[in-house]
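Colleague: I'm new to this one. Could you show it to me and then take my questions?

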Amino acid sequence: MLQLEKTTVENSLRTLIDPNHGVDLVTAKSVKAILIDGSHLSVKLELGYPAKSTIDQLKMSVEQLLKTLEGVETVTVDITVKILSHAVQQALQPKPNIKNIIAIASGKGGVGKSTTAVNIALALAAEGANVGILDADIYGPSIPMMLGLSGYPESVDNKTMTPKMAYGLQTMSIGYLINSDQPMIWRGPMATNTLQQLLRDTNWVDVDYLIIDLPPGTGDIQLTLAQQIPVSGAVIVTTPQDIALLDAQRGLGMFEKVNVPVLGIVENMSMHICSECGHAEAIFGEGGGIAMSEKNKVDLLGSLPLDMSIRKYADSGAPTVISEPNGRAALIYKEIARKTAAKLALKTKDFSTRFPNIVVQNT
Ligand SMILES: Nc1ncnc2c1ncn2[C@@H]1O[C@H](COP(=O)(O)OP(=O)(O)O)[C@@H](O)[C@H]1O
Ligand SMILES: [Mg+2]
Ligand SMILES: [Zn+2]
């Protein structure tokens, strides 16, 4: 009988594409060990993103694939998840207690950025990550309403704020701190300072992903935030309307300018699902998200339908991912969340904490 070689196993694993990021297991550095014991093969994989709902499927695919190799009788596959911190803008340092900050942005308001942000956060948590959400939308903080939270945050030391909890998410919102009946007029520096403070003065506890719901648009405030907050990746939410797509394109440009990788775009309200009979209609046009993603060489992470239930659940304080965790829309949010995290996992890791800081002094 043919003696099984490690390289044979490795070459076989090279043919298996991880659907969450589209790269094979070897190239993605997911293969941690290959142990051959006669005709028994044991493989250890490590994923850099949370994937509770697809890990069993992956395990089965790997087992099935490796069983076809000549000389293999039995296969054990072990998959673990280890979420690491990824690089941020060069001049910045990641925040302690937050491995990765992911900014959710949109070219303009009303496209469903907050709804998408809160559902992605909940979906990442459902997939097994420790997640926080920072509502930085000074113009219309809506995360508290969407999670059924209100009131001033508590403090144990009168210096830092304790994040308010909902469904396992750590949350902080500008909306907890200001009176929503009296809309504030924000000037640039005041807005960015306030948001920096919210980020810094909140007692985030071991967060794998902090989702930031940015103020909509691509003006000075947004640009300054994209520059000053240590972000590992951004996601852009758009609707399929031409005008929204143009705005989204400006959003892409903004992150490019400050060297933050755009992990992908989410097309929201792409199809209208009739709540009477369930038939689908592309009222804002079709194919816009795909076309934009191809033109700009950025991934389309997923498309959400315009679905009354998405609005209803968001308004009720228990978003779709919580209210109908196995429904069609929730599964799309979970896929978007896994893809976002998986694409981030392929990016450069943050090494700033492993090397001493070298300070060059001018004398
Ligand atoms: N896919 C969707 N289907 C139906 N309603 C949606 C969807 N996404 C968002 N909405 C609703 O559209 C409105 C605007 O969404 P929101 O997330 O607040 O937008 P933004 O944060 O971009 O201003 C809200 O009432 C929300 O419930
Ligand atoms: Mg919003
Ligand atoms: Zn209908």
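Colleague: Which elements each supply at least two residues of the shell around ligand 1?

Modeller: Helix 3 (113-126), strand 16 (306-307) and helix 9 (308-315) do; helices (H or I, at least four residues) and strands (E, at least two) are DSSP runs numbered from the N terminus. This is a predicted model, where local features need pLDDT of at least 70, side-chain atom pairs count only at pLDDT 80 or more, and totals for chains, interfaces and linings use all residues. Residues are numbered from 1 along each chain as written, while chains are lettered from A and ligands numbered from 1 in written order.

Colleague: What makes a residue count as near ligand 1?

Modeller: Its C-beta atom, placed from the backbone, must lie within 6 Å of the ligand. Of the 18 residues around ligand 1, Gly112, Lys113, Ser114, Thr115 and Arg311 come nearest.

Colleague: Which residues of helix 9 are called buried, and what does that word require?

Modeller: They are Ile310, Tyr313 and Ala314. Buried means that 20 or more other C-beta atoms lie within 10 Å of a residue's own (12 or fewer is exposed, in between partly exposed), with C-beta atoms placed from the backbone.

Colleague: Why do you say that the buried residues line one face of helix 9?

Modeller: Seen down the axis of helix 9, they fall within an arc of 100°, so they line one face; the arc is that of the directions from the helix axis to the C-beta atoms. These buried residues pack against helix 3, helix 4 (143-146), strand 16, helix 10 (320-323) and helix 11, contact being C-beta atoms, placed from the backbone, within 7 Å.

Colleague: What follows helix 9?

Modeller: Glycine 317, whose phi is positive, near 90°.

Definitions and conventions
Two residues are in contact if their C-beta atoms, placed from the backbone, lie within 7 Å.
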